[in-house]
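Let's walk through this structure together, asking at each step how a label was earned. Have the sequence and the 3D view at hand.

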Amino acid sequence: MQKILRCASIFGNLCYLKLLPIITLALCFDLDKIISVREINAAVINISGRQRMLSQRAALLALRLVSTPDEGEQEKLRQKMLAAIDLMEKSHNGLIHGDPELRLPGQPSEEIQSIYFEAPFYLDQQIRHYISQVRALAQIPSLELTLNHPHVTTIVKASEKDLLEALEALVSQYQKESDEAQLEVELYQAQLYQESCAATAAAQAHAQQLEKALLDLRRTQAQLIETEKLSSIGQMVAGVAHEINNPVSFIYGNLCYASDYVQDLLALLNLYQEYYGKHHPPVQAKIKAIDLDFLLKDLPKVLESMQVGADRVRQIVLSLRNFSRSDRLLMEAVNLHEGIDGTLLILQNRLKARYHRPTIEVVKDYGDLPSVECYAGQINQVFMNLLSNAIDALEEVPNHLGRITIQTRVNPDHSRVIIRICDNGPGITPDVQAQLFDPFFTTKPIGKGTGLGLSISYQIVVEKHGGILKCESAPGKGTEFCIELPLQVSRSLSTLKATAMALQG
Ligand SMILES: Nc1ncnc2c1ncn2[C@@H]1O[C@H](COP(=O)(O)OP(=O)(O)OP(=O)(O)O)[C@@H](O)[C@H]1O
Ligand SMILES: [Mg+2]
C-alpha cells in the first residue's frame, strides 16, 4: 500500500488511477518466484522420467551389443551405451545434490530420500550398480560378449524389474510433489490476487477522496472569488441605488405638483392673453416667437414623458436594490418573475441592436407561479448568469435574429417550479457540455469570461436550494438551461443531505 501511494505521488496527478490495478498487480505479484517454481518442477519431472528412459535404452543397447558380430557396429554401440550411462549418472547426481546447468535444485524431500537410500528400493545403490555394470560391459572384449554374460543378465533383469520399479516410484513421487507445489503456487497466486484487489480498492478510494477534496477546494475557491465579487458588486449597486433613490424620489414626487402648477400657470396665461395680450404688440411678438400654440400642446406631453422617465428610473432603482439583495442570509418567499424582470431590466442595454446584429427579442412565457422560498439575491445571480451567457452566445452570430425565451411553470405535483431559459444561438458541442459546470471553464477570450458563472449557478441551485440545473443543447440547435427549484427548499435540502450521508456511509 505504501508503495502504491508513493507511486501516486510520483505520478503527480490523478491519471494514475486508471493504471492503478496494473501497478498494484505488478507490485504485489512475485512473478519471478512463480515462474521459477514452475520451471524447477518441470525440470525435476522431466529428468526423473528421463532416468527411466535411459535405463531402458542402456539395456536395449547391451542386448544389441551382444547380438551383433560386427566389431565396428559394436564399437558404436559401446559409445552410445557409455553416453547414455554418463547422462544417467549426471542426472542422478543432479537430482540428489542439485545441478544449475540442468536447473535441478537438489535437496530432495524425505520421501524421495527414502526411495534413494532406504528399503525397499535403495535406488541410489541400484543406479550406481547398474551404471557400473553397463560401464563394465562396455569394456568386455568382443569374443566374450554373449547373451549369458553375467553383466548382461544383471542389466536386463534390473531394467525389467527392480530398477524399473524403483524409478517408477521415484517419478510418481516427484509428480505428486510437483502437483502439491503447483497447488501451493496457485493458492499463493489467488491470495496475492485477493490482496492486490483489496489494495487497489483502498488506493482507488484514497485517490477518489483526494480527487473530491481537490474539486471541493476548487469550488470553495471559486465560490470565495464569486462571493467576494458579488458582495462588492452588491454593495456598490446598493450604494448607487440608494444615492439615486433620493433625488429620483424628489423628481418623481414633485412631478405631479409641477404638472398641476403648469396647468394653473397655463390657465393664468390664457387669461392674460385674453385680456391684455391682444392690445400689446410686444406680447404678440413674443407669442409668435415662441410659437405659443405648439408650446401649449407640447408642454403636457413633455411633462408626461418626464413622468414616464422618472417612473422608469424609479423601477430601475427598485430592481437594483432587489438585485443587490445577494448579501442577505435568510431565505424569503419571493416572486421569481420580479427577479427575472429585474435582471432583464439591468441587461436591457445589452439586448439593444448593435451595428452587427438586430435587437435581441425576449419572449416571456410566464406561468402562474406561487412565491418561492429561496435566497433571492443568489437566484437573481443565476438568472443573470444564464441570461448573460445567452446574450454572449447570440452575439457570436452576426446579423442573427436572436431570441431568448423564458418559460416558467409549476410541475404537475406542485412540488417544484421550473424555469427554462432558451436561446436560438449557436448551441454547445458535446465536449464543451461535458465541462460546462467546471469552475474556471470558459471558451471566452481572456478578460471576457472567468468561467465561474455556471459553476456558481450550479452550486446555488443544487447545493444551496436542493434543485436541479441542467442544459440541453446541440450545435446549431440553440441552448436550453432548465432550473428546477423545490417549493419547500428546506425539506429538499435535508433529503439531499441524508442521501449524501447514506452514500458516504
Ligand atoms: N447559452 C449558451 N450558449 C452557448 N455556450 C454557452 C451558453 N452558456 C454557456 N456556454 C458555454 O459555457 C462556458 C462556461 O460558461 P460560464 O458562464 O461558466 O463561464 P463564462 O460565461 O465563460 O464566464 P463568466 O460567466 O465567469 O463570465 C462558456 O464559456 C460558453 O462556452
Ligand atoms: Mg457566464
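Q: Which residues are closest to ligand 1, and how many surround it?
A: In this predicted model, 19 residues surround ligand 1, and the closest are Thr442, Thr443, Lys444, Thr450 and Leu454. To be counted as near, a residue needs a heavy atom within 4 Å of the ligand.

Q: What makes the pair between Thr442 and ligand 1 a polar contact?
A: The cut-off for a pair of N or O atoms is 3.5 Å. A polar side-chain atom of Thr442 lies 2.5 Å from an oxygen atom of ligand 1, so the pair qualifies as a polar contact. The side chain of Asn389 also offers an N or O atom, 2.8 Å from an oxygen atom of the ligand. For Gly453 the partner is a backbone N or O atom, lying 3.3 Å from a ligand oxygen.

Q: How much of ligand 1 does the protein cover?
A: On its own, ligand 1 has 600 Å² of accessible area, and the protein covers 90% of that. Elements giving two or more residues to the shell are α12 (376–395), α14 (453–464) and β7. By class, the shell holds seven nonpolar, nine polar and three charged residues.

Q: How do you know that β4 and β5 pair?
A: Pairing takes at least two bridges. Strand β4 (residues 403–410) and β5 have seven bridges, in the antiparallel sense, so they count as paired. Within this pair, Arg409 stands opposite Ile418. The two strands form a hairpin with five residues between them, and His414 in the turn has a positive phi of about 55°.

Q: What makes β7 a partner of β5 as well?
A: Here the count is eight bridges, again set against a minimum of two, so β5 and β7 (residues 479–486) pair too. These strands run antiparallel, with Asp423 opposite Thr479.

Q: Why is strand β5 called largely enclosed?
A: Seven of its eight residues (416–423) are buried, so the rest of the structure largely encloses β5.

Q: Why is Ser55 called buried?
A: The label needs a relative accessible area under 20%. Ser55 has 0%, so it counts as buried. This residue lies in helix α3 (residues 31–67). Leaving aside neighbours within four places in sequence, Ser55 is in contact with Met88, Tyr130, Ser159, Leu163 and Leu167.

How values were computed: Residues are numbered from 1 along each chain as its sequence is written. Chains are lettered from A and ligands numbered from 1 in the order in which they are written. This is a predicted model: local features need pLDDT of at least 70, side-chain atom pairs count only at pLDDT 80 or more; totals for chains, interfaces and linings use all residues. Side-chain values use heavy atoms; hydrogens and water are left out. Buried means under 20% relative accessible area, exposed over 50%, partly exposed in between (1.4 Å probe, protein chains only). Helices (H or I, at least four residues) and strands (E, at least two) are DSSP runs, numbered from the N terminus. A polar contact is a pair of N or O atoms within 3.5 Å; within protein, one must be able to donate a hydrogen and the other to accept it, and residues adjacent in sequence count only if both atoms are side-chain atoms. Accessible areas come from the Shrake-Rupley method with a 1.4 Å probe; for residues, only the protein chains shown count as cover. Ala, Val, Leu, Ile, Met, Phe, Trp, Tyr, Cys and Pro count as nonpolar, Asp, Glu, Lys and Arg as charged, and the others, Gly among them, as polar. Contact means heavy atoms within 4.5 Å.
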